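Please look over the chain below before reading on. The text that follows goes from one residue outward to its surroundings and then to the chain as a whole.

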Amino acid sequence: METSKPIIRTSTLNDKLSVKDAHIRSIHQICSKDYTQKQIEAWAQPPYSDDVWERAVNRQLHQVVELDGKIEGFCHSTVHEDGTGEILGLYLTPEVAGLGVGKKMVQQALEYINTFKPRKIVVESTITAKGFYERMGFKLVHEILDHKIRGEIIQCFRMEKMP
Ligand SMILES: CC(C)(COP(=O)(O)OP(=O)(O)OC[C@H]1O[C@@H](n2cnc3c(N)ncnc32)[C@H](O)[C@@H]1OP(=O)(O)O)[C@@H](O)C(=O)NCCC(=O)NCCS
């Protein structure tokens, strides 16, 4: 039998529920090794309101990765009005993690962001992804100790990269 390959493509408005499902699986199945059960439960809730989702798909860069036709992760990036590029979210499920997909998605996000000639590119990284972003050339700026989701502090790291 042929081995399936993950396919990265631009998201469409119809992908919203599958993106939410992959996001929740990523938090539960990958990030859970670095956070408490209480943190994971507060964090893994529906992430996108309708207008945030429409803006992501229609006016920013939102990509998904599919394996055998099923969405197994996403990457969302944008450039803010002050010229700062940001990776707003990058979540893969265990089905596609560790295969170079995260690297490819970040490279594509950086290509998109760089067309806007950004001042810098930032990300708020999880504990889980910190080593990955360092590998992608991001440097630690500071630890964020007051990032709260539904009352739970989710420890993360402000990281940045020059274009
Ligand atoms: C972090 C994540 C996006 C990485 O994606 P991935 O597809 O597994 O990573 P890749 O296979 O593309 O790895 C690219 C490189 O980074 C390295 N790498 C990956 N994860 C790493 C880690 N945690 N620490 C150090 N290096 C790491 C790989 O070894 C690889 O190195 P190479 O270029 O020498 O081969 C993915 O594991 C994930 O979804 N994690 C859970 C969600 C999360 O925390 N997201 C961050 C939100 S800001």
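Leaving aside its neighbours within four places in sequence, which residues is Ile-113 in contact with? They are Ser-77, Thr-78, Val-79, Gly-85, Glu-86, Pro-118 and Ile-121, where contact means heavy atoms within 4.5 Å. This is a predicted model, in which local features need pLDDT of at least 70, side-chain atom pairs count only at pLDDT 80 or more, and totals for chains, interfaces and linings use all residues. Residues are numbered from 1 along each chain as its sequence is written, and side-chain values use heavy atoms, with hydrogens and water left out.

Ile-113 belongs to helix H4. Helices (H or I, at least four residues) and strands (E, at least two) are DSSP runs numbered from the N terminus. Ile-113 counts as buried because its relative accessibility is 0%. The terms are set by relative accessible area: buried is under 20%, exposed is over 50%, and partly exposed lies in between, with a 1.4 Å probe and protein chains only. Thr-84 is 29 residues away from Ile-113 along the chain, yet their C-alpha atoms are separated by 8.9 Å.

Several of the contacts of Ile-113, among them Val-79 and Gly-85, lead to the strands. Val-79 has Gly-85 as its bridge partner in S4. Strand S3 (residues 70–79) and S4 run antiparallel and are joined by seven bridges; two strands pair if DSSP finds at least two bridges between them. The hairpin of S3 and S4 has four residues between the strands, and Gly-83 there takes a positive phi near 90°. Strand S4 itself (residues 84–92) is mostly covered, with eight of its nine residues buried.

On to the next strand: S4 and S5 run parallel and are joined by four bridges. The chain gets from S4 to S5 through helix H4 (residues 101–114), in a β-α-β crossover that is right-handed. Right-handed here means that, with the strands pointing away from the viewer, the path from the first strand over the helix to the second runs clockwise. Gly-85 stands opposite Ile-121 in S5, and both residues are also listed among the contacts of Ile-113.

Strand S5 covers residues 120–126, and Ser-125 lies in it. With 0% relative accessibility, Ser-125 counts as buried. A polar atom of the Ser-125 side chain lies 3.2 Å from the backbone nitrogen of Lys-130. A polar contact is a pair of N or O atoms within 3.5 Å; within protein, one must be able to donate a hydrogen and the other to accept it, and residues adjacent in sequence count only if both atoms are side-chain atoms. Beyond its neighbours within four places in sequence, Ser-125 is in contact with Lys-130, Tyr-133, Cys-156, Phe-157 and Met-159.

Thr-126 is found in S5 too. Its relative accessible area is 11%, so Thr-126 is buried. The Thr-126 side chain reaches the backbone nitrogen of Ala-129 at 2.9 Å. With neighbours within four places in sequence left aside, Thr-126 is in contact with Tyr-35, Trp-43, Tyr-91, Cys-156 and Phe-157. Cys-156 and Phe-157 thus appear in the contact lists of both Ser-125 and Thr-126.

Two loop residues come next. Most residues other than glycine have a negative phi. Asp-68, in the loop between strand S2 (61–67) and S3, has a positive phi, near 50°. Asp-68 counts as exposed because its relative accessibility is 63%. Lys-117, in the loop between H4 and S5, has a positive phi of about 50° although it is not a glycine. At 72% relative accessibility, Lys-117 likewise counts as exposed.

Last, the whole chain. The secondary structure comes to five helices and nine strands, in the order β-α-α-α-β-β-β-α-β-α-β-β-β-β along the sequence. Of the 163 residues, 44% count as buried. Among contacts between residues at least 6 apart in sequence, 64% join residues at least 24 apart. The C-alpha trace spans about 45 × 40 × 35 Å along its principal axes. The radius of gyration is 15 Å, which agrees with the value near 15 Å for a compact globule of 163 residues; it is taken over C-alpha atoms, and the globule rule is 2.2 Å times the number of residues to the power 0.38. The chain exposes about 9100 Å², of which carbon and sulfur atoms supply 49%, with areas from the Shrake-Rupley method and a 1.4 Å probe; for residues, only the protein chains shown count as cover.
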